[in-house]
Amino acid sequence: MYWISLHQILLLLIIMQNANSGKVCSKGAFNSCAECIVSGPNCAWCKKLNFTKTGEQEAVRCDTQENLKTRGCSETEIISPKNIQQATQKKPLTSSSSGSSDPVQIMPQEVKLELRPDMPETIELKFKRAEGYPVDLYYLMDLSYSMRDDLERVKSLGSEIVRVLQEITGGKGKARIGFGSFVDKTVLPFTNTNKEKLKWPCQDQNVQCQPPFGYKHVLSLTSEHQKFNDMVSKQFISGNLDSPEGGLDAMMQVSACEGRIGWGNSTRLLVLATDDGFHMAGDGKLAAILDPNDEKCHLDRENLYTKSNLLDYPSVGQLAMMLDKSNIQPIFAVTENVKSVYTELQKMIPKSAVGVLSGNSDNVVKLIKDAYSSLSSSVIVTHDTLPDTLSVAYKSNCPGGDKPGEEGICDKVGIGQEVTFYVQVTAKECIKPVSFNVGPRGFTEKMRVTVTTRCECECDDPPMKDNPHCNGKGQVKCGTCSCEEGYLGQRCKCSAGQRDEEQLRRECRKDNGTECEGRGDCVCGVCQCHETEGGKTYYGTHCECDDEHCHKYKSLLCGGNGRCRCGKCECNPEYEGNACHCKKSNEQCKTGQTVCNGRGTCQCDQCQCSRGYKEPMCLTCPGCTVPCQKFGNCIECLAFAEGPFQKNCSQACPTTKVKVVDRLTLSTEAKKCEVKDSKNCWMDFTMEELQGFDNYSVEVLREQRCPEPPNIVAIVAGSVAGVALIGLLILLIIKALIYIKDAKEWKNFQNEKKKSKWTNADNPLFKEATTTVANPTFSGE
């Protein structure tokens, strides 16, 4: 009774949530019932004749049902299609496997949905683990040289593994077992390509050894455990060069070669036994292997992987997708030294498990048993890849399953226990029929869901040719006229020949721009819009709108959390942002009770600052200068009751708080300023910014610094002294120039004098001016 009550309550809550969420109909230029119902899940169309008043557009017929009723449209005249769900259960749920028939673990097996765009529909999917559900186990073993002891132990494990598988499925299960092996690509640098080494890669010459290979399928799935022992006993160890092995290559082939392996309608387990790491996509480039893995089966007649040396290793993502597609649950049976590596790999591959092997694989049976129990008790419901136009969310009646998620998860589900998942499917727009599978991972049983959309109105209008309501030029469809060719308008009264062509074309131009914005044809003064690239139609009076060119987030239009309307995202009530990419909140934007310090807006719980202020809280503005000069008049007015704002001080300066002090208090937030007032005196003050824009707390120094009057005597004396000094300087310069000139001429004269030459001969005609007469009688004594 508890389980029944719980999922009845959950289903009721989901229905109520869908019914009451967002009772709003977006307004737009909708000229038909089909355009209206596609515009939103809460939009309805009134098909009542003469519902529109003179001058009103047909778009007024599109509104919520409540508003239409208020305006006089009766219940029978309102068109608002609902979702339709048809579930088919071909077989009832079974508790155990009986006879040759396979147990049925999910209900329903097939669902057909007719969905109105943006109107979610919930499918109730029941799952019940059946006792004795068949199990297929494929043992994939690393045969590199270091695994030789483990191979000897595995050769005798077939019957024991089958026994344990039958035991854990309740003794009624059909357990099958298969075997495959791998080493690595047989090219350098992964394998020694010396001819002798390719024949005998093992280090010990006394052991049986086989040539290296990429992957070999040895035994298809069989219930004959002795055949498993026989085939495995024929296997020998091999070898390669580097430590990582080609395990991912082998796992990809096991997943892709579904028919060759023999996978059935069963729980599919793939046990990978190895003592080393693995190569992945990109490693093949070391051997000049550039072609990526193609995710296809390439086994020859001898069950050898033929393209091992031609295709690169698969990526982890490729392998995870292929395993999920094939419903295979991998169990990594590895040694302690690589447990951490495979634990990280497990996180990237859904429904996988990791176990630690003992030195010679003695504990492999117990490891498989524990891993199977863990994997089978965890039920994860998911779906195939979907187009962007569909979304699927899950809830369940399991603990913690009341919150919607991308997967439905129930843990610790026992055999025979029934759990319920609520699968909510939403079509975001009108689409062609789409089918996809929903079901638990690791199980081949799936629920087939086929989705079509309800994008047309069923108005049941009686056929009437040349309806008088449409001026005899059309028929009534859902309350509006569908006009004959050549006629337009609400009542088909418009013909292209009744007005001049230029006048009609002007009506199709927005702001004298391009006719119908280049997205439609102008017919009788009305734009008939073309289809968009995505198959929808442009709309609006001038075809200016479309619903395909909005911001994207994670490759989803409007982040998948809103609708694109006329180039802008209309976000769901709890989301915001230009791409509806974040939930509404302003908790991280608040300082006290103020958001972003009053200098910005809070979007996506982050401040979007204005005027150059910086995130995160719009506290600082690195490029802003302190507006000392700008607030000078206000400070003069508020502090000293002077200046230009003296008469209307409080009105002119409402955001400035001034305090006159005898000594300025300097703080890290306050900035010091000095500004001249109207009397040419300096005002000293500090400005500290408050929350918001242009809000300041100002401390003004009471004493102003006014300049002293000029000293006339000093000015005159200085001027006279300056003139005298300049005159004296001029005279000195003139005297210096004359001296330099005379010195130069004297030097030239001296040089010329040195160059002159005079003769030493006496002139015979020359007589001296004096005559000397000697007295002969004179004696000097």
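Where is the place of Pro189? I found Pro189 in the loop between strand 9 (175-182) and helix 6 (195-199). Worth noting before I go on: I am working with a predicted model.

**Entry: cis peptide bonds**

I went to Pro189 for its backbone. Leu188 and Pro189 are joined by a cis peptide bond, with omega at about 5 degrees. I then looked up Pro108, where the bond from Met107 is cis as well, with omega near -5 degrees. Pro108 sits in the loop between strand 5 (106-107) and strand 6 (110-115).

**Entry: positive phi**

Next I checked phi at two cysteines. Cys558 is not a glycine, yet its phi is positive, about 55 degrees. I placed Cys558 in the loop between strand 27 (556-557) and strand 28 (562-565). Is Cys558 buried or exposed? It is buried, because its relative accessible area is 0% and the cut-off for buried is under 20%.

Cys596 also has a positive phi, near 55 degrees, without being a glycine. Its loop runs between strand 33 (594-595) and strand 34 (600-603). Cys596 has 0% relative accessibility, so I count it as buried. I listed what Cys596 touches, leaving out residues up to four places away in sequence: Cys589, Thr601, Cys602, Cys607, Met617 and Cys618. I also took a C-alpha to C-alpha distance from Cys596 to Gln691: 8.8 Å in space, with their positions 95 residues apart in sequence.

**Entry: His542**

I looked for His542 and found it in the loop between strand 25 (526-529) and strand 26 (552-553). Its relative accessibility is 14%, so His542 goes down as buried. Which residues does His542 touch, not counting those up to four places away in sequence? I get Glu507, Cys508, Arg509, Lys510, Cys516, Glu517 and Cys527.

**Entry: Glu485**

Glu485 is in the loop between strand 21 (480-483) and strand 22 (487-488). I have Glu485 as exposed, because its relative accessible area is 81% and exposed means over 50%. From Glu485 I took the distance to Thr777, and C-alpha to C-alpha they are 175 Å apart in space and 292 residues apart in sequence.

**Entry: nonpolar cores**

I turned to the largest nonpolar core, which has 41 residues. Leu137, Tyr139, Met141, Ile161 and Phe179 touch the most other members. Which helix gives the most to this core? That is helix 12 (residues 364-377), with 7 residues.

I picked Met141 for a contact list. Not counting residues up to four places away in sequence, Met141 touches Met147, Asp150, Leu151, Val154, Phe179, Gly180, Ser181, Phe182 and Ala273. Apart from this core I noted another one, of 32 residues, with Ala256, Tyr305, Val316 and Ala320 among them.

**Entry: helix 12**

I ran a length check on helix 12. With 14 residues at 1.5 Å a residue, helix 12 should span 20 Å, and its end C-alpha atoms are 20 Å apart, so the two agree. Then I went through burial along helix 12: Val364, Val365, Leu367, Ile368, Ala371, Tyr372, Leu375, Ser376 and Ser377 are buried. A reminder to myself while reading that list: an α-helix has 3.6 residues a turn, so residues three or four places apart point the same way.

**Entry: cavities**

How many cavities of 30 Å³ or more does the structure hold? I count 2.

The largest cavity has a volume of about 90 Å³. Its lining has 13 residues, and those nearest the centre are Arg129, Ala130, Tyr133, Thr267 and Tyr372. Tyr372 is thus on two of my lists, as a buried residue of helix 12 and in this lining. I sorted the lining of the largest cavity by class and got 6 nonpolar, 5 polar and 2 charged residues.

The second largest cavity holds about 60 Å³ of space. I wrote out its lining: Ala320, Leu323, Asp324, Asn327, Ile328, Gln329, Ile349, Pro350, Lys351, Arg441 and Gly442. Helix 10 (316-325) and strand 12 (328-334) are the elements that give two or more residues to that lining. Helix 10 gives the most, with 3 residues. By class, I have 5 nonpolar, 3 polar and 3 charged residues around the second largest cavity. Ala320 turns up twice in my notes: in this lining, and in the core of 32 residues.

Technical notes: Residues are numbered from 1 along each chain as its sequence is written. This is a predicted model: local features need pLDDT of at least 70, side-chain atom pairs count only at pLDDT 80 or more; totals for chains, interfaces and linings use all residues. Side-chain values use heavy atoms; hydrogens and water are left out. On a 1 Å grid over the protein atoms alone, a cavity is a set of points where a 1.4 Å probe fits but cannot get out, and a pocket is an open set with protein on both sides within 12 Å along at least five of seven lines; lining residues have an atom within 4 Å of a point. Grid points are joined across faces, edges and corners, and a volume is the space filled by probe spheres set on the points. Ala, Val, Leu, Ile, Met, Phe, Trp, Tyr, Cys and Pro count as nonpolar, Asp, Glu, Lys and Arg as charged, and the others, Gly among them, as polar. Helices (H or I, at least four residues) and strands (E, at least two) are DSSP runs, numbered from the N terminus. A nonpolar core is a set of buried Ala, Val, Leu, Ile, Met, Phe, Trp, Tyr and Cys residues joined through side-chain atoms within 4.5 Å. Buried means under 20% relative accessible area, exposed over 50%, partly exposed in between (1.4 Å probe, protein chains only). Contact means heavy atoms within 4.5 Å. The expected span of a helix is 1.5 Å times one less than its number of residues.
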